[in-house]
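Reader: Please give me a close look at a single part: how the strands pair. Then go on to the rest of the chain, briefly.

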Amino acid sequence: MKNLFSNIKGDAFGGITAGIVALPLALAFGVSSGLGPEAGLYGAIFISFFAALFGGTATQISGPTAPMTAVSMVIIAGIVAANDGSVEKALPAILTVFLLAGLIQIGLGFLGVGKYIRYIPYPVVSGFMTAIGVIILLTQILPSIGYYPKEDAAFVEQFKPQAEEVILENILKEEAGEGILVLENFKETIDRAHEITPEEILNESQTLAAKEASGTIGALKVLPRALKNMKWLELLLALGTILIIYGFKRITTAIPSTLVALVVMSGIAYGFNLGYVKISEIPGGIPVPRLEMFTNFNLGSITPYIFTALTLSLLGAIDSLLTSVVADNMTKTKHKPNKELIGQGIGNSIASIFGGIPGAGATIRTVVNINAGGKTKLSGMIAGVMLLVIMLALGPVASKIPAAVLAGILITVGIGVMDYKGLKAIPSLPKDIKFGPLKLSSEVLIMLVVLVLSTFWDLIYAVGIGLIIASLMFMKKIGDLTAERSDVKSLNEESWEDELDFPTNLKEEVFIKHLKGPLFFGSTSDFQALTEQIPKTAKTVILRLGRMQYMDQSGLYAMEDMLQELKKNDVEVLFVGLLKQPRYMMERIDIIPDFIPNEHIFKDFKTCLKWIKLNIKDTI
């Protein structure tokens, strides 16, 4: 904190510039999430300020990002659907999940998990990021052409029978909860059913229609219908936004092209009084805490989302720490990963209390901040304050922004967030797995699995499945490599230098085996075949263990099984060069001294050879 005011001018300019860049994205992410533009602004304000204040990366600018918004969108849609399609009813549970994700991030920081985030396999991250881009592109098609399922009367009409069923089911559930015996009070139930108004049926039908068109699959389902009902004005606004964003960058990068597109296209739409669809109203005044998330807390409503909250927190951690690495490279500094997680967690927790969507470190905004002169935490705090000032001063103006313009901005975000580096590498990656006649790279397989499952099924489970496949692939490769280098499979292996003068007349009675590399669950199957390699004439086996640095529990029991089999066949086993960790493991379950007495464990081969010459005789 002592250096907080050491670069006031540069931090002020960097923070103000980053805040301006963040404005259109915050609005777009808020609308995309389903909670409205104000949720994106609140998230950007509080996360930017508090993540900078408490975080471990001096120049980091935080706020809602594409990956965090995509996951949040899934959470919001699921909880809203479970609350009769009412965002207001679902909001306490939604914000509680976001709060939980922030608290988990703080916990991860205190537990020191930050330094382990880098071990997440690249193909999983690549597939996930590309999927985020595809999801954003597909879900923004409908608003970019001005199609909103709730406003399509013919489409909504199809859901009226289902809407009536849902309303009746809700009545029965309410009566069951009130302890009313439905069979005895069937007339009361019928009376309540007759009181259902057309407006209630219409509202429920609209909710069902919106649900049907939600997500990537829903967007693809209704796309043919949407194209027939396309509004050309909305499409032109979206296309104009996209063209300005990409075109203005070629003129200059001093002014953010996203902001230019937002101002120009909104100015045209409003100035010419075009009949466009506006974003929802942005509330004026200082943001206030949403205390209903505490007063109406219901553990049952968020229990199914605890794993989702954990995933959201981990995603935020990955997103933030990747940006921290970018900042380090640009500023030649070193961030503190665990402190950064604590800062991000505090920012997300406070944002959730005020109704903001969660976020993370934002790469583009951080780069803009550094290039504009930001060097300390003050720049991120100023960016948050800048957004608050803009919201208070220009909230009514921002409410006039066309929804299609934000859809156009999000389309460019979706295109930009995809991992083109990973996609370009697909043809050149080694094809190391087979599916019948088809050869494929394991990295490509993982990336495609995560990409497809994230896009069309579930972001959370897709990442989990990707991690499992990546772990299994890694274990197989390491197991194969260990088995290959350990010479377990090789019977006619080359003698080591200290074995060259081994008595020729004892080579039939003594079998020497070299083990190189760890003995763990990935290599036990080959090790278990060792007893089959031992010649029938051999009555003594020497295991050279000086290069077996590690043994896990699976390897331990594989060793025990092999020694039992050899003992049953009256074969004596000698250990040479046994290292500390494997010895400790074998002493724990009494392999030493029950199977291998201490006098059969030798420090080096020279000592073992003396024992052999004294105790083994030529019987052939």
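Author: Strands count as paired if DSSP finds at least two bridges between them. Elements are DSSP runs numbered from the N terminus: helices are H or I, at least four residues, and strands are E, at least two. This is a predicted model, where local features need pLDDT of at least 70, side-chain atom pairs count only at pLDDT 80 or more, and totals for chains, interfaces and linings use all residues. Residues are numbered from 1 along each chain as its sequence is written, and side-chain values use heavy atoms, without hydrogens or water.

Start with the layout of the sheet. It is open and has 4 strands. Their order is β5-β6-β7-β8, and the pairing is parallel. The edges belong to β5 (510–516) and β8 (601–602). Each of those two has a single partner strand, so one side of each is left without a neighbour in the sheet.

Now go through the pairs in that order. β5 runs parallel to β6 (residues 540–547), and 6 bridges join them. A point to find on screen is V510, which stands opposite T540 in β6. Next come β6 and β7. Their pairing is parallel too, over 5 bridges. Here R544 faces across to V576 in β7. Then β7 (residues 572–576) meets β8. These two strands run parallel, joined by 2 bridges. In this pair, look for F575, which stands opposite I601 in β8.

How well covered are the strands? Buried means under 20% relative accessible area, exposed means over 50%, and partly exposed lies in between (1.4 Å probe, protein chains only). β5 is mostly covered, with 6 of its 7 residues buried. That is the edge strand with β6 beside it. β7 is mostly covered as well, and 4 of its 5 residues are buried.

Stay in the later part of the sequence for a moment. A cis peptide bond links I592 to P593. Its omega is about 15 degrees. P593 is part of helix α28 (residues 591–594). D590 sits in the loop between α27 (580–588) and α28. This residue is not a glycine, yet its phi is positive, at about 65 degrees. D590 counts as partly exposed, at 38% relative accessibility.

N273 is another residue with a positive phi. The angle is about 55 degrees, and N273 is not a glycine either. Its place is the loop between α13 (257–271) and α14 (292–295). With a relative accessible area of 68%, N273 is exposed.

Turn to the helices. α22 covers residues 442–456, which makes 15 residues. The expected span is 1.5 Å times one less than the number of residues. For α22 that gives 21 Å, and the end C-alpha atoms are 21 Å apart, which agrees. Several residues in α22 are buried, among them S442, V444, L445, I446 and M447. Further along the helix, V450, L451, S454 and T455 are buried too.

L99 lies in helix α4 (residues 87–110). At 13% relative accessibility, L99 counts as buried. Its C-alpha atom is 4.7 Å from that of S349. Along the chain, L99 and S349 are 250 residues apart.

A12 gives another distance to check. This residue belongs to helix α1. Its relative accessible area is 22%, and A12 is partly exposed. The C-alpha atoms of A12 and I201 are separated by 53 Å, with their positions 189 residues apart along the chain.

Last, confidence. pLDDT is the predictor's confidence in each residue, from 0 to 100. The chain's mean is 83, and 91% of its residues reach 70 or more. Among the elements, helix α17 (residues 337–353) has the highest mean, 95. Helix α9 (residues 186–194) has the lowest, 63.

Back to your part, in brief. Read the sheet as β5-β6-β7-β8, paired in parallel. Use V510 with T540, R544 with V576 and F575 with I601 as markers for the three pairings.
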